[in-house]
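The following paragraphs go through the nonpolar interior and the aromatic pairs of the structure shown here.

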Amino acid sequence: MGIIFDKPLIGVVMCQNPIGNHVGQTVHNKYLDAVVLAGGVPLPLPHQLMHAPQLLENSMTLLDGILLTGSPSNIEPWHYGEEGHEAHADPSRDRLSFALITHASGKKMPMLGICRGLQELVVANGGALHRQLHQTHLFQEHREDDSQPLEQQYAPAHLVQPEPDGLLSQLLGSAAAFAVNSLHGQGIREPGPQLRIEARAPDGLIEAVSLRQHPFALAVQWHPEWQSDRDPVSRRLFEAFIHAAARYHKEKQP
């Protein structure tokens, strides 16, 4: 008899990192904690799911939602039509994330993207990125000061303005602007035709998007997983995601 989960099972994409003299895959506790706090069960997804036929597809039958986490790495630029080398690449994460997005989109499985996860949703749907926001001279500084303690790096940095009648303003119950942190060097240049803009920063940079014709596929450029137990916007984002995953879980039951 198989194991039956009474809570939604959330696949959490991991990042490849050196661990001592070895190569490993990791995910920050803050993402796992946020999922658990909102009522989900996190399941980290290794890049090896792409190494054999049907591994990913079979795994997706167990899942009720996908969390695309943030990362120090960047998407390789050839995925969105640009040339050049990416010094902070994680090619196996690119492959896994794009495959997860494709499968979840087809199944209408809930997705929440954070920072790199937003950029993955954009690129997977035909959009493009600014590779170095600060070099465009079009936007304010969106990078964190990594010489500061984490509490300062993740402190509110600017406002975002939700679009009226969008998914984000709907789940927040308001289109009022609110403050977010900012820890990214890249950003959306073109969102692509499949995505709806959900919010912008005061400088015009797109800060949130959702996938059209999907019940819940939302991605944000900031980090709501940071202290999601304290920030009301963060809590609502994760609770809405887990609620959508719980509904998906119930609807797929025989």
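Are Tyr 154 and Trp 226 buried or exposed? Tyr 154 is buried, as is Trp 226, where buried means under 20% relative accessible area, exposed over 50% and partly exposed in between, with a 1.4 Å probe and protein chains only. The model is predicted, so local features need pLDDT of at least 70 and side-chain atom pairs count only at pLDDT 80 or more, whereas totals for chains, interfaces and linings use all residues. Residues are numbered from 1 along each chain as its sequence is written, and side-chain values use heavy atoms, leaving out hydrogens and water.

Within the largest nonpolar core (buried Ala, Val, Leu, Ile, Met, Phe, Trp, Tyr and Cys residues joined through side-chain atoms within 4.5 Å), which has 34 residues, Leu 67, Leu 168 and Trp 222 touch the most other members. Among the elements that give two or more residues to this core are β1 (9-13), α7 (167-172) and α8 (232-252), and α8 gives the most, with eight residues; helices (H or I, at least four residues) and strands (E, at least two) are DSSP runs numbered from the N terminus.

Phe 178 and Trp 222 have ring centres 5.6 Å apart and planes at 75°, so the pair is edge-to-face, given that rings of Phe, Tyr and Trp (its six-membered ring) pair if their centres lie within 6.5 Å, with planes under 30 degrees apart counted as stacked, over 60 as edge-to-face and the rest as tilted. Phe 178 lies in strand β9 and Trp 222 in the loop between β13 and α8, so this pair ties together parts that are 44 residues apart in sequence.
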